[in-house]
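Grab a pencil and open the viewer. Here are a few short exercises, each with a worked solution.

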Amino acid sequence: MIELRAATEADLPAILRITNEAIATSEAIWATSPRTLEERRQWMSERQAAGFPVTVAVDGETVLGFASYGPFRAYEGYAKTVEHSIYVSPDAQRRGIGRLLLDAMVTHAEKAGMHVLVGAITASNAASIALHRAAGFGESTPLPQMGRKFGRWLDLIFMYRLFDTP
Ligand SMILES: CC(C)(COP(=O)(O)OP(=O)(O)OC[C@H]1O[C@@H](n2cnc3c(N)ncnc32)[C@H](O)[C@@H]1OP(=O)(O)O)[C@@H](O)C(=O)NCCC(=O)NCCS
């Protein structure tokens, strides 16, 4: 049975493996060099110290995916806007795990009093776009050639949920 829980130190090797697989093989993340365990440790501890979620989807002991959100941009005006990311291990995709993780980010952001949850999604990432559409996210017009990977320019779409924040 798939369960969601807050990530711990013991989950970092799996989070690292899933992240680096996406970096090496997909246009979902516009990084090209692999992360290290130390970088992931630092990332997780900064997120958790700031009260942001780092959530894993597990089947027993096995981590099948993770999600997190953090600051969108540093300026004060963006304080109520957070940017999320979701990664599901390729062998565990299309089993509803991405949707569970996305719903958990929505619930956390709303409870935390955020106003916008936004994902920056490569325009060619049909799976992520379909996932966010199915979850009722709005979407921006694609911004052309915002980045580059695997020798070609990539377009970017922002997909967002707004919450009733005073
Ligand atoms: C995008 C991603 C997180 C989706 O996770 P997932 O666990 O496979 O998604 P789910 O099984 O929960 O799918 C939920 C819905 O999203 C849509 N969807 C997911 N994958 C899809 C695909 N490959 N093609 C079309 N629609 C897809 C469908 O509407 C699906 O519902 P359905 O299965 O009932 O039709 C996953 O493909 C992934 O980790 N990709 C690599 C990293 C990435 O792109 N992350 C997002 C960066 S913003």
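The exercises below go from single residues to the core and then to the ligand shell.

A word on the ground rules: this is a predicted model, where local features need pLDDT of at least 70, side-chain atom pairs count only at pLDDT 80 or more, and totals for chains, interfaces and linings use all residues. Residues are numbered from 1 along each chain as its sequence is written.

**Exercise 1.** Work out where Glu9 sits and whether Glu9 is buried or exposed.

*Solution.* Start with the secondary structure, where helices (H or I, at least four residues) and strands (E, at least two) are DSSP runs numbered from the N terminus. Glu9 falls in the loop that links β1 (2-6) to α1 (12-25). Next, count neighbours: a residue is buried with 20 or more other C-beta atoms within 10 Å of its own, exposed with 12 or fewer, and partly exposed in between, with C-beta atoms placed from the backbone. Glu9 has 9 other C-beta atoms within 10 Å, so Glu9 is exposed. Last, check Arg40: it is 31 residues from Glu9 in sequence, and their C-alpha atoms are 9.7 Å apart.

**Exercise 2.** Do the same for Asn125, then find its contacts beyond four places in sequence.

*Solution.* Asn125 belongs to the loop between β5 (116-122) and α4 (126-134). With 19 other C-beta atoms within 10 Å, Asn125 comes out as partly exposed. For contacts, look for C-beta atoms, placed from the backbone, within 7 Å of each other. Neighbours within four places aside, Asn125 touches Glu27 and Ala28. Ala28 is 97 residues away along the chain, yet the two C-alpha atoms are separated by 6.5 Å.

**Exercise 3.** Which residues have the most contacts inside the largest nonpolar core?

*Solution.* Such a core is a set of buried Ala, Val, Leu, Ile, Met, Phe, Trp, Tyr and Cys residues joined through C-beta atoms within 7 Å. The largest one holds 31 residues, and Phe66, Leu101, Met105 and Leu117 have the most contacts inside it. Elements giving two or more residues include α1, β3 (62-71) and α3 (97-111). Zoom in on Met105: leaving out neighbours within four places, its contacts are Pro53, Ala67, Tyr69, His84 and Leu117.

**Exercise 4.** Which element gives the most to the shell around the ligand?

*Solution.* Take residues whose C-beta atom, placed from the backbone, lies within 6 Å of the ligand. There are 23, with Ala28, Gln93, Gly98, Ala127 and Ala130 coming nearest. Elements giving two or more are β4, α3, β5 and α4. The top contributor is α4, with six residues.

Methods
Two residues are in contact if their C-beta atoms, placed from the backbone, lie within 7 Å.
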